[in-house]
Every structure is written in C-alpha cells, then in structure tokens.
Amino acid sequence: MTAPTGPLARPRRLFPGARVAVVAPSGPVPEDRLQAGLDLLRGWDLDPVAAPHVLDRHPRLGHLAGTDADRARDLERAWCDPAVSAVFCARGGYGTARMAELVDWRALRAAGPKVFLGFSDITTLHEAFALRLGLVTLHGPMVADDGFLKNAAAQDHLRRTLFEPEAVRVVASPGRALVGGAARGTTLGGCLSLLAADLGVPAARRSARGGLLFLEDTGEEPYRIDRCVTQLLRSGWLDEVAGIALGSWERCGPRDAVRAVLLDRLGGLGVPLVEDFGIGHCDGALTVPFGVPGELDADTGMLRLDVPALTA
C-alpha cells in the first residue's frame with residue numbers, strides 16, 4: 001500500500017476534562033503501573049478510562065494481554081465512542097501484528113480523527129492509522145511504562161504536545177550527526193523490527209520514499225539490527241528516504257557495535273543521519289508526531305514541524 005498523498009488529518013488537541021481511553025493491544029499490563037499512569041493523567045485534568053480487557057491475560061500465551069479478538073474490540077470500542085477524545089496504549093511488548101487485521105478499520109474511519117499514542121510494538125498500529133485512516137499519530141511514552149511514570153521530562157513533553165502542540169513544533173534532541181545536512185519530508189517510523197516484519201503484508205507501506213524516518217528498537221543484538229535494516233534495503237523500502245533519525249537501542253549490545261552497524265548500512269544512502277535523537281526506550285523519551293511534514297537537521301539534532309501535531 002502506498003502512503004496517502006498530501007498531509008494526513010491531524011486530530012484535535014486535548015483540553016481539560018477530555019476523556020482518554022487506555023487500551024492494551026500488545027503485552028500484559030501490570031495493574032500497579034496502570035493505576036499509577038491513570039492517576040498521572042488525572043493530575044493533568046484528563047478523564048482516563050481503562051478498556052474492559054486492559055488487564056486481561058491470554059489463557060494460554062502469557063506474552064499477550066488477552067485474546068486477539070478482545071484486544072481488537074477494545075481498540076474499536078474506544079475509538080468509536082463519541083465521548084472519547086484520545087486512545088492511549090498502556091504498554092508495548094508483542095501482539096499488535098496478531099490483532100491488526102481483526103480491527104474494523106471502516107468503523108474507525110467513520111468515527112473520525114482522535115489522538116492515538118504509543119511506541120515500540122505499537123509501530124504496527126501507527127502504520128495502520130497512517131495508511132488505512134490517513135491520520136497523524138503520536139509516537140511517545142505509554143501510560144503504564146516505567147520510563148513514563150518515573151521521568152518528568154518525558155511527561156512534560158507529552159503533556160505539552162497534547163495540550164499546547166504549537167509550543168513543541170521544534171523537537172530538540174541531544175543527537176549528533178553521523179551524516180550531516182538537513183532534509184524535508186513527512187515523519188514516519190518506529191520500531192525497526194516491526195517495520196521489517198510488515199514487509200510483504202498487503203496493507204503495509206511499500207516505501208519510505210520522501211519520509212523523515214525515525215528508527216529505534218530494544219533487545220536486538222547488532223547482527224539482528226543489521227538483518228532488519230538489510231531487509232529494508234534489499235526490499236527497496238528505503239529507496240529515496242529523505243532523512244533518518246536514530247533513537248534509543250536499549251539492551252541491543254555495545255553502543256559502538258550498534259553505531260557501526262547502523263552507519264555501515266544507512267550511511268551510504270547519502271541522506272542526513274542523526275543518532276541519539278531521544279525517542280523510544282530511553283529516559284526522557286520525546287513525543288514525535290508521525291504523518292506531519294517538516295525538516296530534520298542532523299547537524300543540530302532538531303526536527304522542525306511545519307504545523308503543530310494537533311489542531312486547535
């Protein structure tokens with residue numbers, strides 16, 4: 001599937017009192033972390049509600065938060081509820097690829113734009129929302145994730161993105177250039193291994209052409225990172241990508257080894273390439289909208305968005 005032409009639809013920003021549904025499309029959610037995350041959202045004057053199956057465990061497969069059908073129904077019901085302004089994911093893990101085809105995307109499209117938030121395994125859903133609904137989504141911290149609950153910087157950047165999106169049109173990172181320069185394009189990306197796993201799926205994106213690609217992952221050894229990037233290269237998925245920002249690579253082996261693989265595989269594309277951008281599985285993770293046009297400056301480590309992530 002080719003990416004939608006033109007800008008994607010931007011959901012409305014959140015206002016005090018907005019109802020936010022929390023779903024678990026991937027792995028099982030610890031109840032104490034969920035409650036802590038809900039309390040934090042209440043402190044932002046939001047009205048968070050947990051989906052019916054958010055604390056479920058699959059009866060046979062312990063890595064899944066409930067059955068595929070129940071996880072898909074929770075997402076559908078939350079999105080199609082007219083009282084809900086946003087849908088936040090509780091955590092990642094694994095499981096979105098199993099339930100993505102069970103979602104009634106026509107019903108979601110009819111319900112109209114809403115804020116959608118998550119990262120890691122949620123990459124599969126970011127891609128689905130972009131391609132099937134033509135909708136901007138937020139790649140950022142999740143409600144029951146330790147990195148969100150214990151990091152004030154991550155909380156603050158997400159809160160401002162949700163309530164004051166015009167104030168974060170420039171996303172500044174501590175990143176440094178592996179290949180210098182600046183590039184214009186539309187943001188996309190997420191977890192490297194999930195993007196590679198989508199290759200060949202009929203409803204998946206066929207190319208990152210013209211995109212500002214954000215990549216990160218966790219728990220993947222350097223040779224497996226090499227394999228995933230090589231798969232994207234061999235398939236042509238990275239042909240004419242405009243620029244690349246590399247986020248965190250937690251538990252992926254020695255930093256120098258990971259950098260060597262990424263520079264070897266991506267440096268030859270001849271596009272701006274910045275590392276340590278500050279997204280993903282890291283302390284103080286930034287919230288980056290996917291589907292918004294802008295400029296990535298590798299030399300300064302900055303993403304400048306043409307428009308705010310969310311509308312008034």
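Let's start with strand 9 (residues 211-218), where G211, L213, L215 and D217 point one way, L212, F214, E216 and T218 point the other way, and all are buried. Buried here means under 20% relative accessible area, exposed means over 50%, and partly exposed is in between, with a 1.4 Å probe and protein chains only. Eight of the eight residues of strand 9 are buried, so the strand is largely enclosed by the rest of the structure. Helices (H or I, at least four residues) and strands (E, at least two) are DSSP runs, numbered from the N terminus.

A word on the source: this is a predicted model, in which local features need pLDDT of at least 70 and side-chain atom pairs count only at pLDDT 80 or more, while totals for chains, interfaces and linings use all residues. Residues are numbered from 1 along each chain as its sequence is written, and side-chain values use heavy atoms, with hydrogens and water left out.

Strand 9 has partners in strand 8 and strand 10; two strands pair if DSSP finds at least two bridges between them. Strand 8 (residues 182-191) runs parallel to strand 9, joined by six bridges, and T187 stands opposite L212. Strand 10 (residues 243-250) is also parallel to strand 9, again with six bridges, and there I244 is the bridge partner of L213.

F214 of strand 9 brings us to the aromatic rings. Rings of Phe, Tyr and Trp (its six-membered ring) pair if their centres lie within 6.5 Å; planes under 30 degrees apart count as stacked, over 60 as edge-to-face and the rest as tilted. By this rule there are six aromatic pairs, including these two:

| Pair | Centre to centre | Angle between planes | Type |
|---|---|---|---|
| W105 and F129 | 5.4 Å | 85° | edge-to-face |
| F214 and F277 | 5.3 Å | 75° | edge-to-face |

The pair of F214 and F277 links distant parts of the chain, 63 residues apart, with F277 in the loop between strand 11 (273-275) and strand 12 (288-290). F214 has 0% relative accessibility, and F277 has 0% as well. As for the other pair, W105 lies in helix 4 (residues 105-111) and F129 in helix 5 (residues 123-133), so it ties together parts that are 24 residues apart in sequence. Both W105 and F129 are buried, and they form one aromatic cluster with W79 and F116.

Now to helix 1 (residues 31-43), whose 13 residues reach 18 Å from first C-alpha to last, close to the expected 18 Å; that expected span is 1.5 Å times one less than the number of residues. Its buried residues are L34, G37, L38, L40 and L41. They cover an arc of only 155° around the axis, which puts them on the same side of helix 1; the arc is that of the directions from the helix axis to the C-beta atoms. The face turned away from this buried side carries the exposed residues E31, D32 and G43. Just after helix 1, D45 takes a positive phi of about 65°.

Finally, the largest nonpolar core has 29 residues, and W44 and L162 are among those with the most contacts inside it. Such a core is a set of buried Ala, Val, Leu, Ile, Met, Phe, Trp, Tyr and Cys residues joined through side-chain atoms within 4.5 Å. Helix 1 gives the largest share of this core, four residues. Apart from it lies another core of 25 residues, among them L238 and W249.
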